[in-house]
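Trainee: Got a minute to go through the charged pairs in this one with me?
Mentor: Sure, pull it up and we'll start with the side chains.

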Amino acid sequence: MARAATATISLEAIRHNYSLAKSVAPDQGALAIIKANAYGHGAVEVAKALSDIADGFGVACIEEAIELREAGIKLPILLLEGFFSADELDYISRENLWCAVHSLAQIDIIAAAKIDTPIKIWLKMDSGMHRLGVAPDDYQEAYQRLNDLTQVKEVVLMTHFSSADEPDLAVTAEQIALFDKVTQGIEADVSLANSAGTMAYPEARRSWQRPGIMLYGATPFAMPQEVADKLKPAMTLSSEVIAVRDLEPGEAVGYSCTWVCDKPTRVGTVAMGYADGYPRYAKSGTPVLVNGQKSQIIGRVSMDMLAVDLTDIPDAEVGSYVEFWGDNLAASEIATYCDTIPYTLFTGITRRVHKKYI
Ligand SMILES: *Cc1c(COP(=O)(O)O)cnc(C)c1O
């Protein structure tokens, strides 16, 4: 038998979550964001599973778009970071990729390019995240320049939120107000919302939503949220117990002896480590399910293995099923034990983990 470390991916859950994103803004479009190999879920598999219901896809860069086109995906694909060099424009135009433009320098490059089929551009404004985007003061002029170019078919107006996962803050409302002020008078499609924007901000739901993390069934919010409650987790990360031992009080578990038993303890060693993508930052006490019963990891996570406490799970033995996150254990909850967010848990899953689609 092979090593049991497995990410089981429910394409049905991803379809459900995409439909949920659509249902909050049914008359508008939604690009399924499948950058970074669909947040670790497999970009081609996810794109194929959504092909008959999605309006299009979003990826970070042309390499990710090429992978999808070569797999036969025909729907529009938006390059969220735009192009990095002029030589990408030929493929972008030929393969009907949509392309973010985030700087005035990129407009110069498009203006100088020989392009056969005009490109649909998503002009990004920096409305406060200060990562990518044209400054508000330059935005109207950038729009007019692009709109006048024969190389450009259409311009969509776009920005990105820095703090939509924190609905108690005023930041998102301020970003929307600035965006609306700057774009006044322009007749064009608009795209503002990531998952958190789509889920929690009715005023952010414009022509195109850009849901990412919600497709994979994880909530971006730290608190319960109406739409989040209806998400279905897409990835279940699991493995098996490969060794069991009984330790006495005072005996230690794992590298650097960070965990010392304070009572007689039955310890299970599980084939899952940081080289599989289970974070080394997971603290002792991070929940796991062994044979469906709640337990916890103890000691440091090693490269290929970690330890779990089996003291209160007497039927656990070599071969017992261990779930790290998934249907019964929310990735967002596990993330809090690792000082991170579910995004890094999903994207961190490595090649060594067997992917199983259901
Ligand atoms: C990644 C990304 C998204 C999706 O964000 P989620 O928080 O995963 O929903 C949307 N828009 C842009 C520009 C992105 O880079």
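Mentor: Let's start with Asp276: at 0% relative accessibility, Asp276 counts as buried. Keep in mind that this is a predicted model.

Trainee: OK, so which residue does Asp276 form a salt bridge with?
Mentor: Arg3, and the closest N and O atoms are 2.8 Å apart. The two come from distant parts of the chain, 273 residues apart. Asp276 sits in the loop between β13 (265-270) and β14 (287-290), while Arg3 is in the segment before β1 (6-9).

Trainee: And is Arg3 buried or partly exposed?
Mentor: Partly exposed, because its relative accessibility is 35%.

Trainee: Which residues are linked with Arg3 and Asp276 in a network?
Mentor: Asp304 and Arg352 are linked with them in a network of salt bridges.

Trainee: Switching topic, what does Glu95 meet in a salt bridge?
Mentor: The side chain of Arg69, at 3.7 Å from N to O. That pair also links distant parts of the chain, 26 residues apart. Arg69 belongs to helix α4 (residues 62-70), and Glu95 lies in the loop between α5 (89-94) and β5 (97-101).

Trainee: Why does Arg69 count as buried?
Mentor: Because its relative accessibility is 12%, and buried means under 20%. Glu95 is at 26%, so Glu95 counts as partly exposed.

Trainee: What about Lys114, which residue does that one pair with?
Mentor: Asp116, with the closest N and O atoms 3.7 Å apart. Both Lys114 and Asp116 are exposed.

Trainee: Last one: how many salt bridges does the count come to?
Mentor: The count comes to 13 salt bridges.

Methods: Residues numbered from 1 in each chain as written. Predicted model: local features only at pLDDT ≥ 70, side-chain atom pairs only at ≥ 80, totals over all residues. Heavy atoms only, no water. Salt bridge = Lys/Arg side-chain N within 4 Å of Asp/Glu carboxyl O. Helix = DSSP H or I, 4+ residues; strand = E, 2+ residues; numbered from the N terminus. Buried < 20%, exposed > 50% of the residue type's maximum accessible area, 1.4 Å probe, protein only.
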